[in-house]
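Student: I should like to work through this structure by question and answer, beginning with its strands and then turning to its core and pockets. May we start?

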Amino acid sequence: MIKVVSFDIFQTLVDVNERIPQIWQSILQEKYSKELGERGGRAVLNSYPDAIKVALNSTDYFYTMDEVYMICARKALKELQYPVTARVVVNSLLQEHSKAPFYPDALPCINKLKENYRVILSSDSNHIMVDDLIAIMQPETAFISDDLHNYKGSKDEQFFAQVLKLMDLSPKEIVHIGDSSHDIIGAKRAGIPCVWLNRENRVWSQEYNPDVTIHSLSELKEVITTME
């Protein structure tokens, strides 16, 4: 029986991409233009998969989220040649995550689920990125990669293993909801049922398949009931 509902945060509950103009306004200051901001946003988004891969493949060192974004920023700036430092880019990225707007279906879904389930958050992030958002959502608890020294998609499978241990749960007593392959792969490796939130009608092509696919969080409560 499912007792706990675990949510990813970014691009599941809040939309960081909506903050791209503000991110690059704070980075470029008076040099900002819409075109430069959009180009910067694309460069960071394109650089992030390789940056997080470094962290996921590391076996003898934990890369913090700050360090992951530093790798990402340095790679993006090589392409962009903008007159700013990687440190400035990273600081803005981390801080602006905390200001990302909630999707319209997010808070109503969370509040409805709290009537019947314990709600937690499971996020690849640090506290600069998430603390303000957590204060709004008020979950029972939040598991943050910088605290656990592990990422959801890490091959050692320890992120969700630690969640199960700290919550004193069996895998079948929790369901995880996320938008990324790391969410689904990490949860499935730990034996946890998972729901893929596919807002943009993407094609799934990973080794592990989600138990259920939804396109809006408004579908979630009914879906969880069928999974019990």
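Student: In which sense do strands β1 and β2 pair, and over how many bridges?

Tutor: In this predicted model, strand β1 covers residues 4-7 and strand β2 covers residues 118-123. One bridge partnership between them sets V5 against V119 in β2. The two strands pair in the parallel sense, and the number of bridges is four.

Student: Which residue in β3 does S123 stand opposite?

Tutor: Strand β3 comprises residues 141-144 and runs parallel to β2, to which four bridges join it. The residue in β3 that stands opposite S123 is I144.

Student: How many of the residues of strand β2 are buried?

Tutor: A residue counts as buried when its relative accessible area is under 20%. Strand β2 has six residues and is mostly covered. The number of its residues that are buried is five.

Student: Which helix supplies the largest share of the largest nonpolar core?

Tutor: In soluble globular proteins, nonpolar side chains tend to be buried together. Here the largest nonpolar core has 60 residues, and F7, L13, W24, L113, I177, L217 and L220 have the most contacts inside it. The largest share, nine residues, comes from residues 65-80, that is, from helix α3.

Student: How many residues are in the other core, which lies apart from it?

Tutor: Among the residues of this other core are I120, L164, I174 and I192. It lies apart from the largest core, and its residue count is 18.

Student: Leaving aside neighbours within four places in sequence, with which residues is L13 in contact?

Tutor: L13 belongs to the group with the most contacts inside the largest core, as do F7 and L217. Both F7 and L217 are also among the contacts of L13 once neighbours within four places in sequence are left aside. The full list is F7, D8, P101, F102, Y103, A106, I110, L121, M137 and L217.

Student: Which element gives the most to the lining of the largest pocket?

Tutor: The largest pocket holds about 1300 Å³ of space. Of the 46 residues that line it, the closest to its centre are Q11, Y48, D179, S180 and H182. By class, the lining divides into 22 nonpolar, 12 polar and 12 charged residues. With nine residues, the element that gives the most is α2.

Student: Which residues are closest to the centre of the second largest pocket?

Tutor: This pocket holds about 180 Å³ of space. Its lining has six nonpolar, six polar and two charged residues. Of the 14 lining residues, those closest to the centre are L56, S58, T59, S154 and D156.

Note on methods. Residues numbered from 1 in each chain as written. Predicted model: local features only at pLDDT ≥ 70, side-chain atom pairs only at ≥ 80, totals over all residues. Heavy atoms only, no water. Core = buried A, V, L, I, M, F, W, Y, C linked by side-chain atoms within 4.5 Å. Buried < 20%, exposed > 50% of the residue type's maximum accessible area, 1.4 Å probe, protein only. Contact = heavy atoms within 4.5 Å. 1 Å grid on protein atoms, 1.4 Å probe; cavity = no way out; pocket = protein on both sides within 12 Å on 5 of 7 lines; lining within 4 Å. Points joined across faces, edges and corners; volume = space filled by probe spheres on them. Nonpolar A, V, L, I, M, F, W, Y, C, P; charged D, E, K, R; others polar. Pairing = 2+ DSSP bridges.
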